[in-house]
Amino acid sequence: MGHNLTRHASSGEGCRALSFSNLEPDSTPSIMEHFPPATGPAADDAITAFRERVTEKLKYHVGKDASHALEHDWFVATALATRDYVTRHWMDSTRRTYREGSKRVYYFSLEFLIGRQLFEALGNLGLIETARQALQDLGVDLDRLRKRESDPALGNGGLGRLAACYLEAMSTMRIPAYGYGIRYDHGIFRQALTDGWQVELPEDWLSSGNPWEFERPEVTYTIGFGGRVEMEERPDGTARAVWHPADSVRAVAYDTPITGWRGAHVNTLRLWSARAADPLSLDDFNRGDHVGALAERVRMETISRVLYPNDQTPAGHELRLRQEIFFASASLQDILRRHQAQHGDLLSLPDHVTIQINDTHPAIAIPEMMRLLVDEHGINWELAWDITRSVFNYTNHTLLPEALEKWSVPLLEGLLPRHMQIIFLINSLHLDELRVRGCEDPQVLSAVSLIEENGGRHVRMGNVAFLGSAHINGVSALHTELMRTTVFREFETLYPRRIVNKTNGITFRRWLYQANPSLTDLIIRAVGPTVLDDESRLKELEAFAEDATFRDRFAAIRRANKVALGRLVAERLSIPLNPDAIFDVHIKRIHEYKRQLLNLLETIALFNEMRAHPTAQWVPRVKIFAGKAAPGYQRAKLIIKLATDVARLVNRDPVVRDRLKVVFLPNYNVSLAESIIPAADVSEQISTAGMEASGTGNMKLGLNGALTIGTLDGANIEMRQHVGDENMFIFGLLAEDVAARRRTGLDATEVIAASPALTQVLEDLASGVYSPDDASRYRSLVNDLRHHDHFMVCADFESYRATQRQVAAEYREPVGWWRKAILNTARMGWFSADRAILEYAHQIWDAGPEKT
């Protein structure tokens with residue numbers, strides 16, 4: 001593009017000799033111009049080859065002539081052509097892994113929120129500009145094709161996005177790995193708003209096919225349910241348990257290759273789709289019961305229809321357990337088959353296999369591994385338990401009781417009778433061993449038991465995961481310490497050093513290079529293209545925080561991104577946005593502990609102030625919310641309704657006009673995040689202290705230069721250590737303060753009385769100012785805030801409100817603001833997923849990058 005710097009800055013150098021005057025802020029450069037070769041015969045040959053491959057795919061795979069092809073046809077042809085390039089690297093990576101006998105990492109997760117794959121694959125292979133020119137020669141716009149791709153509906157939030165980041169980082173770090181999960185037909189749901197209320201609709205991401213996946217009908221495993229367990233005598237006189245399931249389902253594999261940066265390595269995401277053993281009951285069909293003939297097929301294949309079915313009903317609860325054993329069993333059978341084929345003896349499993357379970361959902365894999373080793377492969381119990389505990393590792397993501405799954409003993413006995421027997425035996429041997437070691441305290445034994453006896457017997461899957469794993473890790477320093485002192489306190493005493501910390505990380509390839517190419521280009525021209533391969537070089541941007549021209553370019557890029565987001569909001573919601581306002585962004589799953597409610601209450605207070613003082617010099621602000629509420633979480637749905645009610649009143653107010661806007665963007669997903677994050681000025685990370693495990697949205701927004709307003713919770717603490725307290729806006733109670741207030745009571749009457757602004761806001765909500773069609777809509781919400789302030793919304797209100805005024809004051813001073821923004825970007829290198837994955841590899845998995 002012809003934008004050259006006089007020289008690159010390096011440690012200890014100033015930046016005054018640098019010139020940014022010819023970098024157009026409204027341009028959308030591609031980082032691919034920094035991949036050699038950019039010009040010349042080799043590039044021409046590459047463009048020709050890509051063009052020919054696309055036209056071949058269009059003709060022979062899509063079945064269309066170029067003159068009649070629709071935009072979606074061109075997308076499919078381009079994706080298939082790109083997949084060919086990926087597959088070449090994939091085959092090379094697989095052959096190398098087998099040849100070198102490398103240890104494999106198996107990452108079990110119910111979610112993999114991988115996002116659109118076209119630019120991910122093209123970008124990681126350095127083919128974006130090649131593809132762009134090849135398609136341009138055919139009269140096709142690559143950027144328009146990008147929008148034709150559906151977001152894979154394979155996750156809901158941070159848990160799934162972390163799994164996707166880590167799988168890509170493992171490929172980049174050349175660590176052989178498989179991701180295992182479920183191929184959901186309809187994802188969690190597509191969120192729509194009807195009169196401001198969330199409505200759940202089925203996702204249709206597979207309606208036009210998925211060009212990235214390979215169906216593997218030959219890779220199929222059977223998973224059983226129900227039935228009975230009988231003891232049989234082996235020829236040597238020992239007993240063997242034989243499970244006779246009442247019914248079963250088949251798991252069919254679908255593989256998606258996940259490409260690492262510059263094609264270093266390609267790993268596999270293997271997802272399972274449920275297939276009924278019999279497609280229909282022919283007897284019922286021939287009797288004329290055509291619908292009934294399909295009933296069993298529908299029941300079985302429901303397993304892979306929807307992510308996180310509403311478990312408020314017994315049927316929904318059972319379906320969740322079916323999903324978990326379905327994917328855990330299929331994945332373990334696949335791992336054991338692969339290991340036996342390559343290495344023969346299962347006793348060597350720990351030398352070649354490590355399994356990371358992402359949160360508690362896959363914990364049923366631990367008793368399933370024992371069943372497979374003992375019952376199916378004839379390994380004695382003690383040896384099987386040693387193998388199991390050597391290969392499994394457990395990442396805990398939350399301290400919330402509802403997320404540390406518990407299954408009722410009757411449900412497990414009915415659906416998985418053999419697994420229940422195994423869990424009982426593991427628990428009995430575990431407690432007997434502790435007694436032998438001298439632990440007789442009934443409270444300690446009760447706390448570490450796998451069975452909860454109070455309020456009906458339940459299996460504690462968090463305890464199962466802990467006991468059956470070699471390492472248990474938290475995902476931020478605070479979260480890990482709270483694990484040691486709260487939910488796993490007794491385990492930590494009995495098994496010291498088993499709990500370790502691995503703070504989360506994000507992939508910079510998607511969240512900076514792809515999402516914000518203009519900022520990436522500016523960074524490259526400042527510190528050099530090697531920053532694409534070494535995120536620690538972002539640190540060199542610190543010197544540019546003092547360069548006025550660089551700050552201006554940084555700010556201009558942000559404004560251009562805000563204009564682009566404004567266009568998207570106008571198209572979807574018909575709400576005009578002022579790009580010179582503060583874009584204040586709160587994008588995450590809707591939950592009371594994430595405190596979207598606190599943000600909304602402060603927004604109402606700001607609205608009241610603006611109306612009371614219309615001539616004051618207010619800093620314009622745009623409040624942007626996005627996120628889904630779980631289908632059965634009524635309070636979270638009410639918070640979404642409140643956001644839309646507040647938006648309706650604020651956005652129409654003739655006094656406030658464009659000085660305050662409120663936006664709730666429905667159906668939050670990866671692609672929407674890629675549009676919002678580069679445009680954000682302020683990142684809302686305001687969870688109740690001690691309740692957010694880590695967060696990764698804070699990292700993505702900080703990497704793009706947004707300033708964090710947040711509590712000292714999760715990874716905010718490490719961000720403050722790296723970014724600097726002076727470059728963030730920290731407020732609110734500490735985790736120990738929250739715990740102390742909960743011990744002394746949750747009534748907030750006095751706190752509210754001391755805040756006239758909060759008093760007015762709550763009165764407005766309770767009296768129906770924001771719900772004239774239903775004056776009582778928010779009364780129960782207000783009552784809970786007044787008398788049961790569990791999430792410290794009222795307790796933190798004034799601190800949050802004062803900090804927001806500080807945000808507005810600092811935004812008036814552009815030199816200081818953009819200096820802070822640049823320093824945020826410069827100091828986020830440590831939060832790379834590559835760093836996190838290398839820590840897992842060296843300290844948990846004992847699986848290093850492949851040798852070259």
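**Exercise 1. The β8–β9 hairpin**

Task: In this predicted model, find which residue takes a positive phi in the hairpin of β8 and β9.

Solution:
- Start with the connection: the hairpin has 6 residues between the strands.
- R262 is the residue with a positive phi, near 60 degrees.
- Next, take the strands themselves. β8 covers residues 247–259 and pairs with β9 in the antiparallel sense, over 11 bridges.
- For one position in this pairing, look at T256, which stands opposite L269 in β9.

**Exercise 2. The other partner of β9**

Task: State in which sense strand β2 runs against β9, parallel or antiparallel, and how many bridges join them.

Solution:
- Strand β2 spans residues 177–182.
- β2 and β9 run parallel, joined by 5 bridges.
- Y178 has T268 in β9 as its bridge partner.
- Now check the cover on β9, residues 266–276: 10 of its 11 residues are buried.
- As background, strands of a sheet pair through backbone hydrogen bonds, in either a parallel or an antiparallel sense.

**Exercise 3. A three-stranded sheet**

Task: Give the strand order of the open sheet that 3 strands form, and name its edge strands.

Solution:
- The order is β12-β14-β13, with antiparallel pairing.
- β12 (406–408) and β13 (451–452) are the edges, as each pairs on one side only.
- β14 covers residues 458–460, and 3 antiparallel bridges connect this strand to β12.
- One position to inspect: S408 stands opposite H458 in β14.

**Exercise 4. Two tilted ring pairs**

Task: The structure holds 27 aromatic pairs. Classify the pair F466 and Y495, then the pair F550 and F554.

Solution:
- For F466 and Y495, the ring centres are 6.4 Å apart and the planes meet at 50 degrees. Tilted covers angles that are neither under 30 degrees nor over 60, so this pair is tilted.
- Locate both residues. F466 belongs to helix α16 (residues 461–467), while Y495 sits in the loop between α18 (489–494) and β16 (499–501). The pair therefore ties together parts that are 29 residues apart in sequence.
- Check burial against the cut-off of under 20%. F466 has a relative accessible area of 0%, so F466 is buried. Y495 comes to 12%, so Y495 is buried.
- For F550 and F554, the centres are 6.4 Å apart and the planes lie at 45 degrees, so this pair is tilted.
- F550 and F554 are 4 residues apart in helix α21 (residues 548–573), and about one helical turn separates them.
- Both F550 and F554 are buried.

**Exercise 5. A ring cluster and charges over rings**

Task: List the residues that ring pairs link into a cluster with W272. Then find which rings have R83 and R437 over them.

Solution:
- The cluster joins Y106, F108, Y178, Y180, Y221, W272 and F327.
- R83 places its charged end over the ring of F214, 3.9 Å from the centre.
- R437 lies over the face of Y495, with 5.5 Å to the ring centre.

**Exercise 6. Cysteines**

Task: Count the disulfides, and decide whether C165 and C439 are buried or exposed.

Solution:
- A disulfide is a covalent bond between the sulfur atoms of two cysteines.
- The search needs sulfur atoms within 2.5 Å. The count is 0 disulfides.
- C165 has 1% relative accessibility, so C165 counts as buried.
- C439 has 13% relative accessibility, so C439 counts as buried too.

Key. Residues numbered from 1 in each chain as written. Predicted model: local features only at pLDDT ≥ 70, side-chain atom pairs only at ≥ 80, totals over all residues. Heavy atoms only, no water. Buried < 20%, exposed > 50% of the residue type's maximum accessible area, 1.4 Å probe, protein only. Phe/Tyr/Trp six-rings, centres within 6.5 Å; stacked < 30°, edge-to-face > 60°. Helix = DSSP H or I, 4+ residues; strand = E, 2+ residues; numbered from the N terminus. Lys NZ or Arg CZ within 6 Å of the ring centre and 35° of its normal. Pairing = 2+ DSSP bridges.
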